[in-house]
Amino acid sequence: MNIVAQAQGWISLALGIAALGVEVFAFIDALRRRPDAFVAADKRTKGFWLAVTGVAALVGFVFLASVGSMLGLIAVVASGVYLADVKPALDRVMGKGARRDGPYGPW
């Protein structure tokens with residue numbers, strides 16, 4: 001049984017490192033964006049998203065080995081919201097994103 005517990009510990013640590021990587025990536029991406037792009041994309045402010053992703057990265061670092069905790073999950077979800085919703089909108093505003101045009105315009 002000791003081998004199973006040790007394997008679970010290593011898997012939990014690997015998931016925590018992956019989650020921390022996502023959180024730090026989201027924070028660095030928010031840090032590199034222009035403040036006016038957030039307003040133009042109608043996605044709150046740069047300070048708000050820096051605070052959200054920064055706290056998420058801090059929580060991810062503190063709960064590195066226990067990513068399945070409630071705060072660890074909230075941190076991953078907060079970073080995921082930034083990466084899935086805010087980052088593509090900022091890319092479109094700044095002209096970097098892939099433009100997907102349907103037969104009747106953008107979709």
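**Note on helix packing in a predicted model**

1. H1 and H4 are oblique to each other, their axes crossing at roughly 45 degrees and coming within 9 Å. The contact is made on the H1 side by Ala19, Val22, Glu23, Phe25, Ala26, Asp29 and Ala30, and on the H4 side by Gly72, Ala75, Val76, Ser79, Tyr82, Leu83 and Lys87. The crossing of this pair is left-handed. The reader should keep in mind that the model is predicted.

2. For H3 and H4, the axes come within 8 Å and cross at roughly 140 degrees. That angle makes H3 oblique to H4, because only angles over 145 degrees count as roughly antiparallel. The crossing is again described as left-handed, and the residues that meet are Trp49, Val52, Thr53, Ala56, Val59 and Gly60 in H3 with Leu71, Gly72, Ala75, Ala78, Ser79, Val81, Tyr82 and Val86 in H4.

3. The remaining pair to consider is H1 with H3, whose axes come within 8 Å and cross at roughly 155 degrees. H1 is therefore roughly antiparallel to H3, and the crossing of the two helices is left-handed. From H1, the residues taking part are Leu20, Glu23, Val24, Ala26, Phe27, Ala30 and Leu31, and they meet Lys46, Leu50, Thr53, Gly54, Ala56, Ala57, Gly60 and Phe61 in H3.

4. H4 itself deserves a closer look. With 25 residues (residues 70-94) at 1.5 Å a residue, this helix should span 36 Å, and its end C-alpha atoms lie 35 Å apart, which agrees with the expectation. A kink of about 35 degrees is nevertheless found at valine 86, shortly before proline 88. After H4 comes glycine 95, which has a positive phi near 80 degrees.

5. Which residues of H4 are buried? They are Gly72, Ala75, Ser79, Tyr82, Val86, Ala89, Leu90 and Asp91, so that valine 86, the site of the kink, belongs to the buried set because its relative accessible area is under 20%. These buried residues pack against helix H1 (2-32), helix H2 (35-40) and helix H3 (46-62). An α-helix has 3.6 residues a turn, so residues three or four places apart point the same way, and this spacing is worth bearing in mind when the buried list, including Gly72, Ala75, Ser79 and Tyr82, is read.

6. Valine 93 is also found in helix H4, but it is partly exposed, with a relative accessible area of 38%. Apart from its neighbours within four places in sequence, valine 93 is in contact with Ala37, Ala40 and Ala41. Valine 93 is 51 residues from aspartate 42 in sequence, while their C-alpha atoms are 10.0 Å apart in space.

7. The loop between H2 and H3 holds two residues whose backbone a reviewer may wish to inspect. Most residues other than glycine have a negative phi. Aspartate 42, which is placed in this loop, has a positive phi near 60 degrees although it is a residue other than glycine, and arginine 44, likewise in the loop between H2 and H3, has a positive phi of about 60 degrees without being a glycine.

8. Are these two loop residues buried or exposed? Aspartate 42 is exposed, with a relative accessible area of 68%, and arginine 44 is exposed as well, with a relative accessible area of 56%.

Key:
Residues are numbered from 1 along each chain as its sequence is written. This is a predicted model: local features need pLDDT of at least 70, side-chain atom pairs count only at pLDDT 80 or more; totals for chains, interfaces and linings use all residues. Side-chain values use heavy atoms; hydrogens and water are left out. Helices (H or I, at least four residues) and strands (E, at least two) are DSSP runs, numbered from the N terminus. The expected span of a helix is 1.5 Å times one less than its number of residues. The bend at a residue is the angle between axes fitted to the seven residues ending there and the seven starting there. Buried means under 20% relative accessible area, exposed over 50%, partly exposed in between (1.4 Å probe, protein chains only). Contact means heavy atoms within 4.5 Å. Axes are lines fitted to C-alpha atoms, for helices over the stretch in contact, and angles run from 0 to 180 degrees between N-to-C directions. Angles under 35 degrees count as roughly parallel, over 145 as roughly antiparallel, 65 to 115 as roughly perpendicular and the rest as oblique. A crossing is left-handed if the near helix is turned anticlockwise from the far one by less than a right angle, and right-handed if clockwise.
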